[in-house]
Amino acid sequence: MAALAVVETPSGKDAIAEGLFELLKPAVQQLDLHVHSVRESQVDLREHIDNLASELCRINEHQKVALDLDPYVKKLLNARRRVVLVNNILQNAQERLRRLNHNVAKETARRKTMLETSGAFTPRSPSKP
């Protein structure tokens with residue numbers, strides 16, 4: 001990992017900000033992929049819960065023996081409600097993360113352009129000191 005030299009100029013702060021952005025970008029992208037995967041799993045789970053609840057209702061209607069499945073159907077529907085709630089929370093968090101990532105990338109590009117036009121920024125290879 002390359003060491004950062006802290007410089008008390010605006011370009012030093014911009015370089016640190018850009019370095020932090022580049023350091024965090026893969027983690028943010030990986031987190032976004034995982035959140036997307038969890039949301040897809042929750043949609044599948046919600047569909048399975050719906051199918052199971054309707055199947056239990058159908059079995060209950062055709063059952064000759066009086067077996068009360070209503071409490072189980074209610075539990076399934078309550079679980080479905082919680083899954084939907086968690087999915088909404090994940091969706092909101094993913095959207096905030098996407099906007100934050102977009103704003104940071106936009107600000108980084110703006111600062112880099114500003115530094116390049118002022119001639120104060122020269123890109124360096126991480127392998128060079």
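Let me start with R58 and E55, whose side chains meet in a salt bridge with nitrogen and oxygen 2.3 Å apart, in what is, I should say at once, a predicted model. Both residues lie in helix α1, three residues apart, which is about one turn of the helix. As for their surroundings, R58 is partly exposed, with a relative accessible area of 41%, and E55 is also partly exposed, at 34%.

How many salt bridges does the count come to? It comes to six, and I will go through a few of them rather than the full set.

In helix α2, R99 forms a salt bridge with E95, and here the closest N and O atoms are 3.8 Å apart, which still falls within the 4 Å that the rule allows. These two residues are four apart in the sequence of helix α2, and are therefore separated by about one helical turn. R99 is partly exposed, with a relative accessible area of 40%, while E95 counts as partly exposed at 31%. This pair does not stand alone, since E95, R98 and R99 are linked in a network of salt bridges.

Now to a pair that goes from one helix to the other: the side chains of R80 and D50 meet in a salt bridge, at 2.5 Å from N to O. R80 lies in helix α2 and D50 in helix α1, so this pair ties together parts of the chain that are 30 residues apart in sequence. R80 is partly exposed, with a relative accessible area of 27%, and D50 is partly exposed as well, at 29%.

Which residues make up the largest nonpolar core? There are eight of them, namely I49, A53, L56, L69, V73, L76, A79 and V83. Helix α1, which runs over residues 10–62, and helix α2, over 70–118, each supply at least two residues of this core, and it is α2 that gives the most, with four. If you would like one residue to look at in the structure, take L76, which, leaving aside residues up to four places away in sequence, touches I49, L52, A53 and L56.

L76 also brings me to the record, because residue 76 is where an annotated span begins: in an unreviewed entry, UniProt lists residues 76–110 as a "coiled-coil region". In the model, that span is 100% helix and 0% strand, and its end C-alpha atoms lie 50 Å apart. I would add the caution that annotations of this kind may be inferred rather than shown by experiment.

How values were computed
Residues are numbered from 1 along each chain as its sequence is written. This is a predicted model: local features need pLDDT of at least 70, side-chain atom pairs count only at pLDDT 80 or more; totals for chains, interfaces and linings use all residues. Side-chain values use heavy atoms; hydrogens and water are left out. A nonpolar core is a set of buried Ala, Val, Leu, Ile, Met, Phe, Trp, Tyr and Cys residues joined through side-chain atoms within 4.5 Å. Buried means under 20% relative accessible area, exposed over 50%, partly exposed in between (1.4 Å probe, protein chains only). Contact means heavy atoms within 4.5 Å.
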